[in-house]
Amino acid sequence: MSFVNFAFYPATIALLGLTILLQSILRKRERLSNTCTKLILLIFSYMAMGLYDVRFCLCMTGVILLTYAAGLSIERAQDKARHRLTVFAVAALVLILGVFKYLNFFMSTAFGLAGKAWTTLNIILPLGISFYIFSAIGYVLDVSWGNLKAERSLLDMALFLSFFPKQVCGPIANARDFLPQLKENRRVTLKGLEAGVQIFIFGFFKKLVLADHLAVFVDDVFYAPPAYGTATIWLAVFSYFLQLYFDFSGYSDMAVGVSKMFGYDLPRNFNLPLIARSIGEFWDRWHISLSSWLNEYLFNPIALKFKRTVAEWPKEKRRKYKNLPTYAAVMITFLLSGLWHGAGFTFIVWGLLQGIWSVAHDVYAGWMRKHHREFVQNKP
């Protein structure tokens with residue numbers, strides 16, 4: 001259920017009222033109260049998903065069961081069997097995402113290169129699949145790496161992946177942060193309601209007042225560019241960037257606010273990215289949950305693998321190409337980041353450009369640190 005759908009507000013108020021009533025009745029039985037609260041939230045999460053399409057619930061259920069079983073199996077396995085199970089689980093999750101989001105794109109590209117036509121398949125894209133698939137992959141890898149114990153509660157696993165505030169636009173929840181919250185008796189409190197409402201209203205203002213009003217101007221200009229002057233077109237281009245920021249960050253704030261109303265914490269997804277002094281700092285501030293996920297589960301493993309390969313090279317060659325593993329990992333990470341944002345060559349090119357700019361900035365910053373001491377003291 002979208003935050004901009006009017007039905008969301010009475011439904012959420014009713015859910016809050018039901019939760020408060022239940023927690024009041026069971027205030028002396030914390031464990032039962034916590035279980036019932038999570039069950040109500042899970043049912044509401046499935047209802048919110050089902051309002052878009054019931055089939056979305058089937059896809060999400062399949063991912064939940066796969067992730068739950070994979071975590072338990074991986075934790076019990078040893079050495080090679082553990083590695084094989086991890087590879088199988090991650091590959092299965094990636095395959096699910098790939099079929100729904102990328103199959104038509106990859107097949108049409110392959111058929112086009114072969115000079116043949118591809119008949120586009122009518123495949124629905126489940127709501128929020130990129131977000132809960134990434135959460136699931138992160139969980140599986142954390143269990144495999146020994147960073148997290150496998151979750152025994154199917155209820156907790158289901159709520160972790162389906163929690164309704166983050167269904168539409170995230171943020172991507174980390175199992176190490178969110179699952180422990182589900183073990184605690186999180187309650188609806190006045191302090192949590194006050195903080196949650198404030199965050200929600202701030203996000204509401206960014207989304208419906210700023211982003212949606214900018215969209216009116218941007219859409220008019222983009223629809224008929226020849227009707228406008230150069231200055232107006234450039235203003236529309238910059239306005240589109242602001243629209244995108246206010247829309248996404250506003251929706252993320254609303255998700256964080258709603259979650260806090262029920263006593264749960266989702267990660268902050270934006271931290272004033274427009275004041276960033278470098279592209280690296282920008283990505284530390286923009287879509288933080290995705291950047292953190294990519295850094296931990298994609299960039300670091302790739303960079304480590306490449307560094308081990310480079311470590312076997314002769315000393316002179318190793319010294320000459322010491323930054324190659326990092327730069328290669330940056331390019332691969334941004335390439336896949338672009339593909340995550342959408343199935344199209346535009347997104348792939350965008351990802352490659354972000355990688356090139358990041359590497360170029362690092363090379364420039366390294367040169368400046370080497371030749372200008374004041375840059376070290378005031379580095380961005």
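1. In this predicted model, the side chains of Arg-176 and Asp-142 are joined by a salt bridge, with N and O 2.8 Å apart. The two residues come from distant parts of the chain, since Arg-176 belongs to helix H7 (residues 175–183) and Asp-142 to helix H5 (residues 129–144), with their positions 34 residues apart in the numbering. The partners differ in their surroundings: Arg-176 is partly exposed, with a relative accessible area of 30%, whereas Asp-142 is buried, at 0% relative accessibility.

2. Arg-176 also takes part in a salt bridge with Glu-296, again at 2.8 Å from N to O. Because Arg-176 lies in helix H7 and Glu-296 in helix H11 (residues 288–310), this pair ties together parts of the chain that are 120 residues apart in sequence. Glu-296 is partly exposed, its relative accessible area being 23%. Read together, the two contacts place Arg-176 in salt bridges with Asp-142 of H5 and with Glu-296 of H11.

3. The whole structure holds 15 salt bridges, and a further one worth inspecting is that between Asp-212 and Lys-207, whose closest N and O atoms are 3.0 Å apart. Here the acidic partner, Asp-212, is partly exposed at 32% relative accessible area, while Lys-207 counts as buried at 9%. Elsewhere, salt bridges with shared partners connect Lys-38, Glu-151, Asp-156 and Lys-183 into one network.

4. On internal space, the search returns one cavity of 30 Å³ or more, and the largest cavity contains about 60 Å³. Which residues line the largest cavity? The lining is made by Gly-128, Phe-131, Tyr-132, Ser-135, Leu-161, Phe-163, Lys-166, Gln-167, Pro-171, Ile-172 and Ala-173. Helix H5 supplies the largest share of this lining, with three residues, and by character the lining residues divide into seven nonpolar, three polar and one charged.

5. Two of the residues that line the cavity, Lys-166 and Pro-171, deserve a second look for other reasons. Lys-166 lies over the face of Phe-160, at 5.9 Å from the ring centre. Pro-171 is joined to Gly-170 by a cis peptide bond, with omega about 10°, and Pro-171 is placed in the loop between helix H6 (154–162) and H7. A second lysine over an aromatic face is Lys-101, which sits 5.3 Å from the centre of the ring of Trp-340.

6. Aromatic contacts amount to 32 pairs in the whole structure. For Phe-105 and Phe-106, the ring centres are 5.4 Å apart and the planes stand at 50°, so the pair is classed as tilted. Of these two, Phe-105 is buried, with a relative accessible area of 12%, and Phe-106 is partly exposed, with 42%.

7. A pair with another geometry is that of Tyr-245 and Phe-270, which is edge-to-face, with 5.9 Å from centre to centre and 70° between the planes. Tyr-245 lies in helix H9 (residues 230–261) and Phe-270 in the loop between H9 and helix H10 (279–285), so the contact ties together parts that are 25 residues apart in sequence. Both rings belong to buried residues, Tyr-245 at 8% relative accessibility and Phe-270 at 5%. The pair is part of one aromatic cluster, formed by Phe-241, Tyr-245, Phe-246, Phe-248, Phe-270, Phe-282, Trp-283, Trp-286, Phe-334 and Trp-350.

8. Backbone geometry raises two further points for a reader checking the model. Asp-79, although not a glycine, has a positive phi of about 50°; this residue is found in helix H4 (residues 79–113) and is exposed, with a relative accessible area of 64%. His-287, likewise a residue other than glycine, has a positive phi near 45°. Is His-287, placed in the loop between H10 and H11, buried or exposed? At 1% relative accessibility, His-287 counts as buried, whereas Asp-79 is exposed.

Conventions:
Residues numbered from 1 in each chain as written. Predicted model: local features only at pLDDT ≥ 70, side-chain atom pairs only at ≥ 80, totals over all residues. Heavy atoms only, no water. Salt bridge = Lys/Arg side-chain N within 4 Å of Asp/Glu carboxyl O. Helix = DSSP H or I, 4+ residues; strand = E, 2+ residues; numbered from the N terminus. Buried < 20%, exposed > 50% of the residue type's maximum accessible area, 1.4 Å probe, protein only. 1 Å grid on protein atoms, 1.4 Å probe; cavity = no way out; pocket = protein on both sides within 12 Å on 5 of 7 lines; lining within 4 Å. Points joined across faces, edges and corners; volume = space filled by probe spheres on them. Nonpolar A, V, L, I, M, F, W, Y, C, P; charged D, E, K, R; others polar. Phe/Tyr/Trp six-rings, centres within 6.5 Å; stacked < 30°, edge-to-face > 60°. Lys NZ or Arg CZ within 6 Å of the ring centre and 35° of its normal.
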